[in-house]
Every structure is written in C-alpha cells, then in structure tokens.
Amino acid sequence: MELGLNTPVSDFPGIGPARAQKLAKLGIATAGDLLHYFPRNYEDRRSRSSIIRAPEGEPVCIQAMVAETPRLSRVRRGLDLVKVKAVDHSGMLHITYFNQAYLKDALRSGEEYIFFGKIEVNGRSKQMTNPVTEPVGKNTVTGCILPVYPLTAGISNNLMASLTRRAVDGCAHLVEEALPKTVLRDYELAQSDFSYKNIHFPEHFELLDLARRRLIFEELFYLAAGLALLKGRRSGARGPVCRCESLTSFLDLLPFSPTAAQLRVMDECREDMAGGRPMNRLVQGDVGSGKTAVAAAAAWVAIQNGLQTALMAPTEILARQHANSLRQLLSPAGIRVGLLVGSMTQAQKKDVRQQLKAGDLQLVVGTHALLSGSVEFGHLGLVIADEQHRFGVSQRAALTAKGERPHVLVMSATPIPRTLALIVYGDLDVSVIDELPPGRIPVETFVIGEDKRQRMYGFVRKLAHEGRQVYMVCPAVEDNPDSWEGLPDLKSVTSYAEELRRQVFPDLRVGFVHGKLKTKEKEAVMGAFSAGELDVLVSTTVIEVGVDVPNAALMIVENAERFGLSQLHQLRGRVGRGKHQSYCVLVSSSRSEVSRTRLKAMTDTTDGFKIAEEDLKLRGPGDFFGNRQHGLPQLRIADLAGDMRLLSQAQEAARAVLTRDPNLSLPEHQAVRERIHTLFAEQADIFN
Ligand code: ADP
Ligand code: MG
C-alpha cells in the first residue's frame, strides 16, 4: 500500500470502522497523525541472552526453539494454561502462558521464537511466564526499544506500535522540513525524517535523545514565534488614549497610603493607557498585596477619560465584594458602579444592561454574565480580569470585543515562576507587586495529624472567645463513598458542619457554604460570616479566591494532602488580612513522603513565588495551571517546566527569524507559518 500523510487510518490493514473510531478519540485520523502521536515511554527489550546465562528476574530476550507440541490444560473455569518447553544451544526453558489458549496451535514445534520476559529459577529448572513471543525474523515488539503509547480501551500498545511502524516506514520522509536551515545548523538539530523515525523506533537511546531534542525545540520554536507574533500584532494596534497627569486625586480617595509597589504598578498602567496602543498588562501579586487598589486606579484613569470599565471576577461572591468595595471607594468621586451576575432577576439585569449601553454606568463588576451577547457598552475602554487563571484567553477576548480595542488589565494571585511567566504570558506585559502592605503579621502555619485534633478544637474555641473567626475547609461536598474510592475519614462539608455544630462546638455559631448551594444561600452565609454573625465557617474551596474578612484569624484545612500547594497558599491568604496574629493549620494523616515534603514547604515559607516553584517541581505544569486554563496551545511533546533551556534557545531562534522576516512572508518561512497556524488554531487571526 502506498502511504501519504493524509492516508486515513481506516485504509490500514486491520482497521475497521470500530477501531478507526477509537483511534479518532486519540486524535488520530491519518498516517500523518500517527507520526505525531508520540510515545509516552519506552521499554528496552534489546538485551539478549542464552538460556544458561540469562539473569534471574530481569527482562531479557531469549531466542530458542520450541521443542514439543504445546500442552493446553484447563485448571478451572476462567483459567487456561499453555505449557511448552523451548531449547537453545545452552539449555532448556519452561514457558507458561495464562489464558492464551490460541498459542497451543500458534507455537510450532521445531520453530524458533524470541521470548521476552523475566526468568525465574526454580531449583534447577528455568521458567518464564507470559513472555511476549514472536517468530524469529518478524520482530516488531521484541529485541528492540519498544515505544509505549498512551492508549484507549480497544487499542493495544502492540497495535499502536504496528500502526506507527507502518506510518514511519511509509511517510516519515514525506513530512516537509519546516525549520529553516540556519536554525537547524545553529542549534545542531536533527532532521525531521530522522526525528520521526527515532522518536518512535530508536535503535539506541542516544538517537532517541537527538530526536526528542529536535521535536521539542521545534514545538517550542513555533510557540515562541506565535506568541511573539501576537504581541507584535498588538504593538501595531491603536487603543484609546487616556490622558492623566497625576493620580493624586485618586490616591486621596484611598483609605490607606499605597505601598511603593502599588504606586509603581499604578504608574505602569497609567503610562500604558496614555501610550496610544492598547494596554495588555498582567499584574501579579501575592494574596493580600492589594491588587484591587491597582485595578481601581486603572478604572479611575479610564473613567476620567470618559470611558467605561468592566471588571470580571470568577465567582459571584467575589464580584459582589468587589462591587461593594469599589462603590465605596469611587462613589465619592461621582463614579457610578453597577453589578451584573447570573443570580440577579431578569428585570435587574435588563436595567443594568440599559445603563451600560447608555453609558450611565461607568464601572460594571460581574461574572461570566458580562460575556453574554446581550451586554453592550456605550464606550468600553478598559477590561479588567481578576484572578486570571480562571479565565481563558478566549474569554478575555470575548469581553474585549465589546469595545474598540480596549485596554486590558489582568490580575493574578497565582504567582507564576518568572521563567514560565515569560512564555505563558508571552503576549502580556508583566508587573509584579512584590511588597505587602505594612503592618501585616505573617501567618503561622502548622501541619498536624489526627492525634492533635482535640487540641486544635480547643484552639478554635479560644480564638472564637477572643472574638476572632475561623475557616475550616474540606475537600468534598457531601458524604459520597463512591467518589473517593472508599477513602475513609474524608471530611465533607455538610456532615462535618453538622458534627461540629452538635458535638464539638454547641456553644459557637457554625455555618457552612459550598459550590452546590444556591447563590442566594451562599450569599447569605458569606454575608453572615463577613458581618461577624458566625464564628466558624465550614466550606469547600469556594472561599479560595479573593474573599476578604479581616477578622478571620484561623484557617484550618482538612485532608490538606489533597490540595495543591498553590491552592493551600491561596487558602492561607484568606487569613492574616487584619491586625490580628493569624494561623493556618493543615490537617493530614497521610504518611506518604511526597505529601509530607509538600506540606512542609508550606510551613517553611509564605512566599507565593517559592511555593509556586515547589508546586511546579512536584506536580508539573499541567496540574499547575489546571485544565489548560492558561489558554496556551496544547503542546505534544515539550514540557514547559522541564525543558527550560531548550525553551530559551527556541525563543532566541524565533526572535532571530522574526527580526529578519517579521511577518514570515519569505518563501523559506512558509512551512513555519503553517505550523504556527496549526498550533494556534484558536487564534485564527494570528497573522494580521
Ligand atoms: P489582593 O491582592 O489579594 O486582591 P486586596 O486588594 O483584596 O488584595 O487587598 C487586601 C486588603 O489589604 C484589603 O483589605 C485592602 O483594603 C488592604 N490594603 C490594600 N493595600 C493596602 C495598603 N497599601 N495599606 C493598607 N492596606 C491595604
Ligand atoms: Mg483580589
């Protein structure tokens, strides 16, 4: 069969409609897709030995002749054995297969096979159980470095390996070399056909390394070039010019004097907005560093210039809180602030929409409800997204589309290691608020086991009697034995709150809140807690983001090992916001080494950047950002955290190419252009 890159997998022998569908689930439709379906691991099946020299207990290939007709026996229902003896010049091997009855006829006496498995020695006899078996001369899965692919039900690794083998043999050479010759030469990268061959079927690990290096470099190169293009496209765009000589009248509104870091970042925003091109700035600041004031400053600048501002928050609770505090701050300056969230009545929403369209509201705070098509603005000039990691790039884009190239300010409390921020936010300018408001007392953190639970309850009572408030966070909402694979003792919000109320703290006011409550109920409980009407709030991580109750002085996290470090850091940031010494208690009975190391990191530092780096090391970037929320294209082989050195080389290479050919319009860059287009499929207009 003649293969092309576009040959559908259904043309491959053995692939009917059912299997084709399963392959489609893995994103594989054509021979070309197979080339790009990279192994997740490799198994070294090269080591060969004679029977007599074969090491015990280590995987090895033995070439031997089947010395008898295989014997089939049925031990009991559901358990068949095929037994056979094989010999080479050095000795004899007893082989047993479980539940592979067909081998009784498939293995022929007098023929040679390669058996791959582990040898067990039993007295004087040597044994192998369930070896991978292939006739000599037809080897595809023994005697080689076997690629191990990510699979789905109904597609075995052997099938996958035989499909990629065909694709590699038939069309690896048809993939056009996309990387410019200069780049290949300067960075000593392997050729494309070599790389596809060796990423799937390397003869040595050295060859695999060369292939990997090239493919990773290539992917990072397209990523870096694409992000640079996005950034460049923006620098050509015109945005609303916001003139503002000084922030003094805004600063007079603040009930505190801003920190030097806040002032610096406010100034950076002011300059961006005056510059004539749309601002696209990320403000990173640890929890409690005072990002809201920076957002307010930017809004104030826009509004002074007759433009509207929209602030998008990830939860209703947070949107309401922002709306309240911004109204308090800005209404003395005559600024009208509105709220738009899903739980408002149709009439209320309609009213807000009308005022926005007419330009009567100058600042609107809302949730995703702001993205709705029916929301229109008179003259939207600034979009602010709070807690950025919860919004994708496309959601930000949906909101900015409601204005004419408005300024964009993104605020994130998830500190991203600097090296990574460079690429993740390749199309944003980054400001860091690296200073906390004065007078903050660092939160003291403890990790405890079950044995200290009673003491902890005592501590809760003591603080409550002093007038402080306490958060208790649990991982699950309801008792549901199924959802935690039978893990006992997982504190769940509803039953835990009940237990606390009745048995532990009958003398305290205990409330609970979780994501499944109706918004109204949530609001009521959060409101009561803010107003000091509850001593203890039991909750899920709905309180993770942004909620501000300065009187809360103790954060308890149950089953702390189930949370990511950055998440724990966010949770801890809910306390220590007032003038009281605050505490964070992480409860965990996990004995695993990794859990302990992770939790210990929380007691060692309160620096969000350090914690983020630790988290990244321990969990990798996929988990770190969660669910592709960063909005970056999906990478196939590169690992943003692990391939840092290659990343900076690829960035350098991309920069050099774009300096020479800013729009990639030279003929030798057409292939690069196409690949970037594919990678950034979601940003179809990347090249305008
Ligand atoms: P975050 O960066 O986590 O969003 P906030 O903007 O919510 O932080 O600020 C946290 C708390 O600190 C708020 O109560 C806010 O009023 C207060 N705050 C912010 N900046 C200052 C400052 N410069 N001095 C004193 N308090 C401040
Ligand atoms: Mg905030």
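A polar contact is a pair of N or O atoms within 3.5 Å. That cut-off is handy for looking at ligand 1 in this structure, which is a predicted model. Threonine 292 fits the bill: a polar atom of its side chain sits 2.6 Å from an oxygen atom of ligand 1. Arginine 440 also reaches in with its side chain, placing an N or O atom 2.7 Å from a ligand oxygen. Glycine 290 joins in through its backbone instead, with an N or O atom 3.1 Å from an oxygen of ligand 1. As for cover, ligand 1 on its own would expose 560 Å², and the protein buries 80% of that.

Stepping back to the whole shell, there are 16 residues around ligand 1, and the nearest are Gln262, Gly288, Lys291, Thr292 and Arg440. Sorted by class, the shell is made up of seven polar, five charged and four nonpolar residues.

Elsewhere, there is a pair of helices to look at. Two packed helices are described by the angle and the distance between their axes. Here, helix H18 (residues 565-572) and helix H19 (residues 593-604) have axes that come within 10 Å and cross at roughly 35 degrees. The crossing of H18 and H19 is right-handed. On the H18 side, Leu565, Leu568, His569 and Arg572 make the contact, while H19 brings Arg598, Leu599, Ala601 and Met602. Those contact residues split into five nonpolar, two charged and one polar.

Key: Residues are numbered from 1 along each chain as its sequence is written. Chains are lettered from A and ligands numbered from 1 in the order in which they are written. This is a predicted model: local features need pLDDT of at least 70, side-chain atom pairs count only at pLDDT 80 or more; totals for chains, interfaces and linings use all residues. Side-chain values use heavy atoms; hydrogens and water are left out. Axes are lines fitted to C-alpha atoms, for helices over the stretch in contact, and angles run from 0 to 180 degrees between N-to-C directions. Helices (H or I, at least four residues) and strands (E, at least two) are DSSP runs, numbered from the N terminus. A crossing is left-handed if the near helix is turned anticlockwise from the far one by less than a right angle, and right-handed if clockwise. Contact means heavy atoms within 4.5 Å. Ala, Val, Leu, Ile, Met, Phe, Trp, Tyr, Cys and Pro count as nonpolar, Asp, Glu, Lys and Arg as charged, and the others, Gly among them, as polar. A residue is near a molecule or strand if one of its heavy atoms lies within 4 Å of it. A polar contact is a pair of N or O atoms within 3.5 Å; within protein, one must be able to donate a hydrogen and the other to accept it, and residues adjacent in sequence count only if both atoms are side-chain atoms. Accessible areas come from the Shrake-Rupley method with a 1.4 Å probe; for residues, only the protein chains shown count as cover.
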